[in-house]
Amino acid sequence: MGKMLPEEFIEKVQHAVDIVDVVSEYVQLKKQGRNFFGLCPFHGENTPSFSVSPEKQIFHCFGCGSGGNVFTFLMQIEGCSFTEAVQMTAKKAGLDIPGGSALSQESTYPNNSEAEKMIKVHELLKKMYHHLLLNTKEGQNALNYLLHRGFTKELIDQFEIGYALDSWDFSLKYLLKKGFELPLLEKTGLIIRSESNGSFFDRFRNRIMFPVKDAQGRTVAFSGRSLGNKQPKYLNSPETKIFNKGRILYNFHQARPFIRRKQEAVLFEGFADVISSVHAGIEHSVATMGTALTEEQVKLLARSGGTVVICYDSDSAGIEAAFRASKLLVEAGCNVRIAKMPEGLDPDDYIRTYGKKKFKNDVIGASLSLMAFKMEYFRKGKNLQDEGDRARYIQEVLNELSGLPSGIEQELYITQLSEEFSVSKETLMAELRNINKRKRRRPEKTSLKTDALQRNALMPAYQKAERLLIAHMLKSREVAEKVLHAIGGNFNVEEHRAISSYLYAYYEEGNDPDISHFLTKLKDPSLSRIVSEIAMMTIGEQLTEQELQDYVKHILNHQKMLILKEKEAEKKEAEKRKDYVKAAEIAMEVIQLKKGLM
């Protein structure tokens with residue numbers, strides 16, 4: 001938690017970096033006016049609604065509402081704690097952490113929590129398995145197998161590959177000696193309880209062990225390959241509190257800097273493909289964990305690189321999986337290409353047969369555009385000698401072409417269709433225009449930023465007044481003091497009351513106006529989002545006395561209106577009871593309240 005680091009150090013770190021530089025490592029930004037804009041890394045979008053302010057050192061998405069300072073951004077995108085975010089920022093700024101590495105032990109999970117202990121179990125076993133593979137007679141057979149398959153010792157070290165002994169309880173005894181308790185070990189899935197007699201034994205035995213790591217590089221699971229004919233060939237950890245295979249991309253933590261540098265990721269179906277690909281020099285390789293690509297995995301890829309090259313098997317199942325994955329990736333704003341493997345070969349087989357250079361150049365380097373892949377996909381199951389199938393194929397291709405932003409690209413594929421099927425380009429272009437007309441008739445979605453501006457415009461006057469006041473308070477201690485004297489914390493919106501309280505305390509501590517620094521004081525992410533949105537509002541440099549009075553009047557009038565409604569309801573109730581004296585008294589109160597609204 002933040003209190004583990006000195007407050008002055010946190011502030012020093014914050015001022016040592018530019019949020020634009022940090023965000024640019026994850027998001028492609030373009031300058032528009034005073035701010036920078038890009039596609040939001042926290043939700044799928046095609047129109048940039050993610051804004052970064054170098055002046056205020058904050059970010060805000062007008063679509064999903066995410067917002068905050070540089071620490072908030074890193075916490076959200078890396079899935080890390082506040083302390084880890086500060087440490088990462090300090091490292092970028094070249095600043096030493098006070099207290100050294102002791103503070104580096106904090107993870108996303110609370111210290112000594114069950115999840116933290118589970119990670120420690122996995123980290124210990126990873127080191128033990130790696131040692132057994134490289135330094136023992138028992139591991140020699142497994143090591144020879146890997147070396148024979150083309151693995152180098154450098155590659156084995158890089159992926160920390162290990163070996164689980166052919167023993168029922170080696171790992172169990174080792175972990176018990178390290179002080180871990182049986183209930184916890186059972187929850188990790190590494191130790192299994194026998195249904196017949198209740199005894200415990202190791203899940204992984206006589207297997208080559210591949211550690212599975214999360215985005216921060218922490219070991220959270222294993223995949224074990226059997227030696228010999230034992231089934232299953234690959235045995236994976238079950239899902240646990242720390243391992244959800246739909247949220248993890250294998251090798252992402254190592255591939256991420258290469259993905260950012262190249263603005264491209266290569267996506268495989270399995271971890272063995274990734275290791276072979278990295279061995280071939282394709283270091284920006286990642287893989288799903290034996291499941292279809294999920295939205296969580298798509299978000300990881302979308303915020304890290306502009307292009308994703310899908311390299312799945314070329315059998316029917318692989319082609320279908322690539323088609324589904326491409327749809328998700330395009331919706332998230334990724335440029336997609338498809339690398340075609342010769343049928344019957346996986347990357348490891350291909351590399352061992354034809355060599356690393358040929359795989360890099362002729363498979364990954366020769367990847368198809370998504371449109372070229374889709375044209376091949378639409379041919380599946382059709383007899384293009386048949387007039388009906390041919391017409392359906394051309395129509396499917398034209399529907400896809402209508403979504404291409406480039407007119408040049410459209411014409412290239414139109415020419416290809418025209419030559420292959422002897423249909424004039426004029427006819428095909430006319431049909432393409434008809435498709436586009438039909439699409440234009442559908443109601444267009446407004447941009448997310450426009451939506452946000454419209455929402456602000458439709459706010460009640462009192463709510464808009466409160467936001468404008470807070471926007472000025474964030475910029476000026478003097479304005480905050482005037483608002484404190486005028487209304488104190490009596491804002492109508494609960495979140496605005498909380499923000500004003502934090503802001504009064506912030507200035508009371510002697511802090512100067514600094515939105516980014518103020519955000520470190522907010523413990524509630526929902527408040528941070530509101531503050532970042534308010535801070536992005538366009539306001540005048542100075543708040544005049546007349547403006548201040550107008551905003552205060554709107555805020556207080558709303559409170560009077562609420563009381564007025566209550567009084568009018570009480571008056572009606574008194575009249576129903578035929579208590580006309582009481583009704584008359586309330587009527588006088590109503591008159592006085594209405595005078596106060598003028």
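Strand S4 (residues 58-61) and S5 run antiparallel and are joined by 2 bridges, where strands, like helices, are DSSP runs numbered from the N terminus (H or I over at least four residues for a helix, E over at least two for a strand), and two strands count as paired if DSSP finds at least two bridges between them. Within this pairing, His60 has Gly67 in S5 as its bridge partner. Helix H25 (residues 525-535) packs on the sheet and touches both S4 and S5, with a direction that makes about 95° with that of S4; contact here means heavy atoms within 4.5 Å, and such angles run from 0 to 180 degrees between the N-to-C directions of lines fitted to C-alpha atoms, for helices over the stretch in contact. The sheet itself is open and has 5 strands in the order S1-S2-S3-S4-S5, with antiparallel pairing. Its edge strands are strand S1 (30-32) and strand S5 (67-68), each of which pairs on one side only.

This is a predicted model, in which local features need pLDDT of at least 70 and side-chain atom pairs count only at pLDDT 80 or more, while totals for chains, interfaces and linings use all residues. Residues are numbered from 1 along each chain as its sequence is written, and side-chain values use heavy atoms, with hydrogens and water left out.

**The chain and its confidence**

The secondary structure of the chain comes to 27 helices and 16 strands, and the C-alpha trace spans about 95 × 75 × 55 Å along its principal axes. Of the 598 residues in the chain, 48% are buried, a term that means under 20% relative accessible area, with exposed meaning over 50% and partly exposed in between (1.4 Å probe, protein chains only). Among contacts between residues at least 6 apart in sequence, 63% join residues at least 24 apart.

The mean pLDDT of the chain is 87, and 92% of its residues reach 70 or more; pLDDT is the predictor's confidence in each residue, from 0 to 100. Confidence is lowest in helix H20 (residues 448-457), at a mean of 50, and highest in strand S6 (residues 162-164), at 98. Two stretches with low values are set out below.

| Stretch | pLDDT | Contacts beyond near neighbours in sequence |
|---|---|---|
| residues 101-107 | below 50 | 17 contacts |
| residues 444-450 | below 50 | 10 contacts |

**A sheet with helix H5 against it**

A further open sheet has 4 strands in the order S6-S9-S10-S11, with antiparallel pairing. S6 and strand S11 (234-236) are the edge strands, each pairing on one side only, and the twist averages 35° from one strand to the next. S6 pairs with strand S9 (residues 207-213) in the antiparallel sense over 3 bridges, and the bridge partner of Tyr163 in S9 is Ile208. Helix H5 packs on this sheet, touching S6, S9 and strand S10 (219-226), and its direction makes about 35° with that of S10.

Leu132 has its place in helix H5 and counts as buried because its relative accessibility is 7%. Leaving aside residues up to four places away in sequence, Leu132 touches Gly139, Tyr163, Leu165 and Phe170. The C-alpha atoms of Leu132 and Ala142, which are 10 residues apart along the chain, are separated by 9.8 Å.

**Nonpolar cores**

A nonpolar core is a set of buried Ala, Val, Leu, Ile, Met, Phe, Trp, Tyr and Cys residues joined through side-chain atoms within 4.5 Å. The largest one has 62 residues, and those with the most contacts inside it are Ile161, Ile275, Phe359 and Ile364. Helix H5 (residues 114-135) gives the most to this core, with 9 residues. Apart from this core lies another, of 44 residues, including Ile259, Leu384, Leu417 and Ile435.

**Strand S14 and its parallel partners**

In strand S14 (residues 307-310), Thr307 and Val309 point one way and Val308 and Ile310 the other way, and all are buried. In a regular strand the side chains alternate between the two faces of the sheet. Strand S12 (residues 264-268) pairs with S14 in the parallel sense over 4 bridges, with Val266 standing opposite Val309. S14 also pairs in the parallel sense with strand S15 (residues 335-338), over 4 bridges, and here Val308 stands opposite Val336. From S14 the chain crosses through helix H13 (residues 316-331) to S15 in a right-handed β-α-β crossover, a term for a path from the first strand over the helix to the second that runs clockwise when the strands point away from the viewer.
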